[in-house]
Amino acid sequence: MKKLIGLKKNNVAVFISGTGSNLKNLIKFSKKKYFPININLIISDTKEAKGLEYSKKYKIKKKIVNFNNRNEAEKKILKTLIKKKIKFICLAGFMKILSANFIKRFDGMIINIHPSLLPKYKGLNTHERAIKNGDKMTGCTVHFVNKKLDSGIIILQKKVRINKADNPVTLAKKVLKEEHRLYPAAILKILN
Ligand code: GRF
């Protein structure tokens, strides 16, 4: 109990590019007393990201940054992160690759969720590839971000069975459900 009273929450930015179901889930968890983060900022590389709707709904500042020039984009992001006193970054379906410089600046402070059992299936179309290869199991991974794509230290993983009837869509749905358990668990593991 004492621990809960004294809990100081970390200011977090979530980076998205799409639906934002992981963002929504993390916002939900961030409202819990015991959960060690506040989400103060949503960054998106596109105004089309559906997940941006949670900015208005939950009164969280959003910033849309065009990545045509990554250097400029990262400068803008950095400025906002400093202004909002962000201590930690969660990538959640963010489709741009951050530069080695940016990652170094936030060394050990950026994590990502990936829909495969890393180191298997780095990159895109993970479910298609797992099914095509006849895998019986896939899953999801939360890992620290380093300068190599989907290669940083693994924090937590969860396995998901692939059934004969599964296609990439049904599998994505099953894995996403587990992602919504895994991401908060990984945050608790490293920030508690
Ligand atoms: C998730 O499957 C995540 O693992 C991957 O992109 C998807 C994002 O989904 N990196 P959402 O936008 O959080 O709904």
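Let's start at the ligand, where one of its nitrogen atoms lies 3.1 Å from a backbone N or O atom of Ile 113, a polar contact (a pair of N or O atoms within 3.5 Å). This is a predicted model, in which local features need pLDDT of at least 70 and side-chain atom pairs count only at pLDDT 80 or more, while totals for chains, interfaces and linings use all residues. Residues are numbered from 1 along each chain as its sequence is written, and side-chain values use heavy atoms, with hydrogens and water left out.

Two further contacts involve oxygen atoms. A polar backbone atom of Gly 20 is 2.8 Å from an oxygen atom of the ligand, and a polar side-chain atom of Glu 179 also lies 2.8 Å from a ligand oxygen. The protein buries 81% of the 370 Å² that the ligand exposes when taken alone; these accessible areas come from the Shrake-Rupley method with a 1.4 Å probe.

Now look at the shell around the ligand, meaning residues with a heavy atom within 4 Å of it. Its members are Thr 19, Gly 20, Ser 21, Asn 22, Gly 93, Ile 113, His 114, Pro 115, Leu 176 and Glu 179. Three of these shell residues are nonpolar, six polar and one charged, in a scheme where Ala, Val, Leu, Ile, Met, Phe, Trp, Tyr, Cys and Pro count as nonpolar, Asp, Glu, Lys and Arg as charged, and the others, Gly among them, as polar. Helix H2 (21–30), strand E5 (110–114) and helix H7 (168–191) each bring at least two residues to the shell; helices (H or I, at least four residues) and strands (E, at least two) are DSSP runs, numbered from the N terminus.

Stepping back, the ligand sits in the largest pocket, as more than half of its atoms lie within 2 Å of the pocket's grid points. A pocket here is an open set of points on a 1 Å grid over the protein atoms alone, where a 1.4 Å probe fits, with protein on both sides within 12 Å along at least five of seven lines; lining residues have an atom within 4 Å of a point. The largest pocket has a volume of about 980 Å³, the space filled by probe spheres set on the points. Its lining counts 36 residues, with Gly 93, Phe 94, Met 95, Ile 113 and Pro 115 nearest the centre. H7 contributes the most to this lining, with four residues.

The second largest pocket has a volume of about 180 Å³. Its lining includes Ile 131, Gly 134 and Asp 135, and by class it has two nonpolar, two polar and four charged residues.

Finally, two backbone details. Most residues other than glycine have a negative phi, and most peptide bonds are trans. Leu 118 and Pro 119, however, are joined by a cis peptide bond, with omega about 15°, and Pro 119 lies in the loop between E5 and H6. Lys 85 has a positive phi, near 55°.

Definitions and conventions
A polar contact is a pair of N or O atoms within 3.5 Å; within protein, one must be able to donate a hydrogen and the other to accept it, and residues adjacent in sequence count only if both atoms are side-chain atoms.
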